[in-house]
Amino acid sequence: MTPIVSEEYKEKKRQEILQSAHVCFAEKGFEASTVDDIVAHSGLSKGAIYNYFKSKDEIYLALMEGQTNNSGSEFAKAIAERKTALDKLNYLFEAYQDNDPNDEENKGQAIVHFEFRLYSTRNPKLKKVLTDRYKDFFVSLLTRIINEGQIAGEFNKELDPGIYADIFWGMVSGVTLQATILEDYQYKHILREMQTMFLEKLKL
């Protein structure tokens, strides 16, 4: 008789696989890492891993979903505590300044993130998943805040919130990428300057 496995047990094993994959991806890169590497790190069999995930791509997408959900919850709580749209945007800029990819604990994650994004350009299904995630979470979040500021009279009503949402994430992605590939890149200083220019433009 096949033993009954609880949902709690399955989720625990799933998280163990994801944690091991995160370590492997950060150390070796996404494309260089193999399922065998994850097997070696986790101590689970390859069959056990394939019981939870069909592929390495699926493992990364699950990692990304978990990170987005965690960030979403953190952002939602912090944003709800701030009264004005300007305060909310300042909070987001400051949150990314604190997530400096020059810091060792953030660098591996940033590198894997960009590596996977480039990898996805050769896979239409993955590209769609990343595009949908970007629009549904990241662009939507900024669009709501900017629109709120326009209604409250904080921001110029003639500006397109969707365009400025794209500009915000383009700035954040750009400085993060530069910091991962350039030595002594002044990530925080440059992002603060971008913050000043972006907010001044919104308020014109």
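1. Let's start on the outside. In this predicted model, L177, I181 and L182 make a nonpolar surface patch of about 260 Å². L177 is found in helix α8, which covers residues 161-181. Is L177 buried, partly exposed or exposed? L177 has a relative accessibility of 35%, so this residue counts as partly exposed; that label goes to values between the 20% and 50% cut-offs.

2. Next, the open space. The largest pocket comes out at about 1100 Å³. Its lining takes in 35 residues, and Y96, H113, R133, F138 and W169 are the closest to the pocket centre. If you want to trace the walls by element, look at α4, α5 (85-97), α6, α7 (124-151) and α8, which each give two or more residues to this lining.

3. As for chemistry, the lining of the largest pocket is a mix: 16 nonpolar, 14 polar and 5 charged residues.

4. Now for enclosed space. The count is 1 cavity of 30 Å³ or more, and the largest cavity holds about 80 Å³ of space. To find the largest cavity on screen, pick out H22, F25, A26, Y60, L63, M64, Q67, G108, Q109 and V112, which line it.

5. Which helix gives the most to the lining of the largest cavity? That is α4, with 4 residues. At least two lining residues come from each of α1 (7-28), α4 (56-80) and α6 (104-120). By class, the lining of the largest cavity has 6 nonpolar and 4 polar residues, with no charged ones.

Conventions. Residues numbered from 1 in each chain as written. Predicted model: local features only at pLDDT ≥ 70, side-chain atom pairs only at ≥ 80, totals over all residues. Heavy atoms only, no water. 1 Å grid on protein atoms, 1.4 Å probe; cavity = no way out; pocket = protein on both sides within 12 Å on 5 of 7 lines; lining within 4 Å. Points joined across faces, edges and corners; volume = space filled by probe spheres on them. Nonpolar A, V, L, I, M, F, W, Y, C, P; charged D, E, K, R; others polar. Patch = residues over 30% accessible without salt bridge, like charges linked within 9 Å, V, L, I, M, F, W, Y side chains within 5 Å. Areas by Shrake-Rupley, 256 points an atom, 1.4 Å probe, with all protein chains shown as cover. Salt bridge = Lys/Arg side-chain N within 4 Å of Asp/Glu carboxyl O. Buried < 20%, exposed > 50% of the residue type's maximum accessible area, 1.4 Å probe, protein only.
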